[in-house]
Every structure is written in C-alpha cells, then in structure tokens.
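Visitor: Could you take me through one part of this model up close? I'd like a single connected tour, please.

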Amino acid sequence: MRGRKPKPTVLKLLDGNPGKRPLNDQEPHPPQGIPNRPDWLDTEAQAEWDRVTAELSEMGLLTLADRAALAAYCTAWSRWVQAEDMVRKFGTIVKSPEKGFPMKSPYLSIADQALETMRKLMVEFGLTPSSRSRIRVSPGGDEVDELDRFLETG
C-alpha cells in the first residue's frame with residue numbers, strides 16, 4: 001500500500017472532515033470498552049496496561065478490538081524499562097567479551113528497538129502530543145453527535 005495510512009472515519013468526523021473527501025460508510029465499528037488484559041504480560045507490562053487503558057478509555061479512544069496492539073505496546077514498554085535498567089547498571093559502553101575492546105552495550109540496542117516500537121504504537125493510540133493534536137473530541141462525551149443524529153433520523 002502506498003502513501004499515508006488512511007485516517008479512521010471517526011477521527012475524520014471529529015476533525016470536521018477537513019479534506020471534504022467522501023467518508024467510508026462501511027468502516028467497522030468495534031465496541032467501545034477496555035479489553036481483557038492478557039495473562040501472559042509481565043508485572044511491568046501489566047502496570048502499563050492498567051495505566052494506559054484507563055487514559056485511553058477516558059479519552060474515548062479505546063475499543064475491545066485494540067487488545068493485541070495494546071499488548072504489543074505494553075510488552076515493548078516492559079522491554080524498554082528492563083533494558084534501560086541494564087543500561088543504567090552497565091553503562092552505554094561495555095567491554096567486548098573476547099578481547100575487552102569497548103563496544104556499544106547490547107542493552108542500548110534493545111532499549112532503542114523497544115522505544116521505536118512504542119513510538120509507532122503510541123501514535124496509533126493518540127498517546128503523543130502531535131498525534132493527540134490531530135484528534136478532536138466533543139466536550140460532552142455523552143452528547144449525540146451529528147452523525148448519530150443523522151443515522152437515527154434517516
């Protein structure tokens with residue numbers, strides 16, 4: 001697929017459809033809610049799951065279909081935290097095992113890869129300042145919006 005990733009219709013509607021292009025009226029609408037937390041997440045990932053799902057739910061940006069992406073984000077978070085702990089412990093430069101030459105810590109590479117994975121997933125969920133600035137939500141989350149009103153009245 002070429003070009004930019006398409007923006008979800010709900011976000012286009014919240015933005016007022018600035019491009020005035022036709023909206024996808026057949027886009028799936030997963031049910032809102034907090035997905036069940038996977039049992040296999042480690043303690044650090046579970047704590048991040050609890051924190052981030054509460055925030056996303058409060059913003060109205062979380063659906064039950066987001067479980068796998070959230071689990072991936074939380075796993076990357078945990079990996080990043082663990083790798084950063086090891087970088088703090090051993091430093092960014094370590095001695096090579098064979099001849100003792102200075103080399104970049106392997107934990108630094110792990111931390112960088114986990115951070116990149118987290119960054120990509122944070123953008124998907126609107127968890128960065130720039131991605132959040134592209135999302136508009138109505139002030140009263142319980143109010144019926146224009147699309148719902150249209151769909152109800154026909």
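Guide: Sure, let's take helix 3 and begin with its cover: helix 2 (43–59) and helix 4 are included in what covers the buried residues of helix 3. Keep in mind that this is a predicted model. Helix 3 itself runs over residues 67–90, so to speak a 24-residue rod, reaching 34 Å from its first C-alpha to its last, close to the 34 Å expected at 1.5 Å a residue.

Now for the buried side. The buried residues of helix 3 are Leu70, Ala71, Tyr73, Cys74, Ala76, Ser78, Val81, Ala83 and Val87. When you read that list, remember the general rule: an α-helix has 3.6 residues a turn, so residues three or four places apart point the same way.

At the end of the helix, the backbone does something worth a click: just after helix 3, Gly91 takes a positive phi of about 90 degrees. Around there you also meet the surface, where Phe90, Tyr107 and Ile110 form a nonpolar patch with about 250 Å² of accessible area together. Ile110 comes from helix 4 (residues 106–125), and it counts as partly exposed because its relative accessibility is 35%, between the 20% and 50% cut-offs.

Zooming out, the protein chain has six helices and two strands, in the order α-α-α-β-β-α-α-α along the sequence. Of its 154 residues, 26% count as buried. Among the chain's contacts with a separation of 6 or more, 57% are between residues 24 or more positions apart. As for the outside, the accessible surface comes to about 11,300 Å², with 55% of that belonging to carbon and sulfur atoms.

Key. Residues numbered from 1 in each chain as written. Predicted model: local features only at pLDDT ≥ 70, side-chain atom pairs only at ≥ 80, totals over all residues. Heavy atoms only, no water. Patch = residues over 30% accessible without salt bridge, like charges linked within 9 Å, V, L, I, M, F, W, Y side chains within 5 Å. Areas by Shrake-Rupley, 256 points an atom, 1.4 Å probe, with all protein chains shown as cover. Salt bridge = Lys/Arg side-chain N within 4 Å of Asp/Glu carboxyl O. Helix = DSSP H or I, 4+ residues; strand = E, 2+ residues; numbered from the N terminus. Buried < 20%, exposed > 50% of the residue type's maximum accessible area, 1.4 Å probe, protein only. Contact = heavy atoms within 4.5 Å.
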